[in-house]
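Here are some notes for a colleague who is opening this structure for the first time. Please keep the sequence and the 3D view at hand while reading.

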Amino acid sequence: MKILFSTAAVIILLFFFIRFLEKKSLYFPLRKIESSPQDIGLDYEEVFVTTKDGIQISAWFIPSESPQATILFSHGNGGNISHRLEKMKILNDLDLDIFIFDYRGYGMSKGNPSEEGLYLDAEAVYDYLINEKKIPAGKIIGYGESLGGAVIIDLASKRELGGIIIEGSFTSIRDMAKKYFPFIPAFVYKTRFNSFEKIKSVKSPKLHFHSISDEIVPFELGKKLFDNALEPKEFVKLQGGHNDSFIISQGVFITGIDSLLDNL
């Protein structure tokens, strides 16, 4: 009987430890805003949006002089919006307005990150573009970087978008966990971010970027996600690491986005 209780206690402790480890492995927010678009010569408007569950979300609206469309930018799991300025500059130079936001718990956004919370954050900033900026849904392009890909795919499965761009993203947390923690049963994980299933219902044109040497998200997961998506779609291979392939393959990166814009 003693052995039974001891085993049960160990299993319960292990379960909660895995749940703790799960959250710590998913989100790496930084609070400090280290720079702004103005530092690289871009005008911008600081915006605060409130989500359905009452969380205040911080964002930047970076206008273009003659915008072709508006990029709704959902960043990866680390840092905050101030760490994406180089990419913002490239996108803005393509005559694109940009609306980049910080998830709850990141930068100046309130609250703490969670899967459902990130989905609500994206819905709130989308609604702001539609209702406050009066931008037509067909002129909004969702851009999801890494974890942000799962956020944008969820948004696109619920709301109308002119197109989506997915960079270095994955099929699901369970598939990612098999790579990093193969000894832990998949059913233990609470977080899903199941883009593999959701992308089947996204009708918007899709552009997928993935580096063939991505050291964080396996290339095969990015390709598997793309293969499960509906047409129209395009897959573009990049060179470089998970976080710098858009710079190393900048010419290919820009050509891919130009192609998507031409086909919208």
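The points below take up confidence, the sheet, the helices on it, and one buried residue.

1. This is a predicted model, and the mean pLDDT of the chain is 92, with 90% of its residues at 70 or more. Residues 8-17 call for care in reading, since their pLDDT is below 50 and, beyond near neighbours in sequence, the stretch has one contact in the model.

2. An open sheet is formed by eight strands in the order β2-β3-β6-β4-β7-β8-β9-β10, and its pairing is mixed. At the edges stand β2 (45-50) and β10 (233-238), and because each has a single partner strand, one side of each is left without a neighbour in the sheet. On average, and with direction ignored, neighbouring strands are turned by 20° against each other.

3. Within this sheet, strand β3 (residues 56-62) and strand β6 (residues 96-101) run antiparallel and are joined by four bridges. Opposite Trp-60 stands Ile-100 in β6.

4. Helix α7 (residues 219-227) packs on the sheet, where it touches β8 (163-167), β9 (206-211) and β10, and its direction makes about 170° with that of β10. Helix α9 (residues 250-263) lies across β6, β7 (140-145), β8, β9 and β10, and runs at about 170° to β9.

5. Is Asp-154, which is found in helix α4 (residues 147-156), buried or exposed? Its relative accessible area is 4%, so Asp-154 counts as buried, the cut-off being under 20%. Leaving aside residues up to four places away in sequence, Asp-154 touches Tyr-119, Glu-123 and Lys-198, and a polar contact of 2.8 Å joins its side chain to that of Lys-198.

Definitions and conventions
Residues numbered from 1 in each chain as written. Predicted model: local features only at pLDDT ≥ 70, side-chain atom pairs only at ≥ 80, totals over all residues. Heavy atoms only, no water. pLDDT = per-residue confidence, 0-100. Contact = heavy atoms within 4.5 Å. Buried < 20%, exposed > 50% of the residue type's maximum accessible area, 1.4 Å probe, protein only. Polar contact = N/O pair within 3.5 Å; in protein donor to acceptor, adjacent residues only side chain to side chain. Pairing = 2+ DSSP bridges. Helix = DSSP H or I, 4+ residues; strand = E, 2+ residues; numbered from the N terminus. Axes fitted to C-alpha atoms, helices over the stretch in contact; angles between N-to-C directions.
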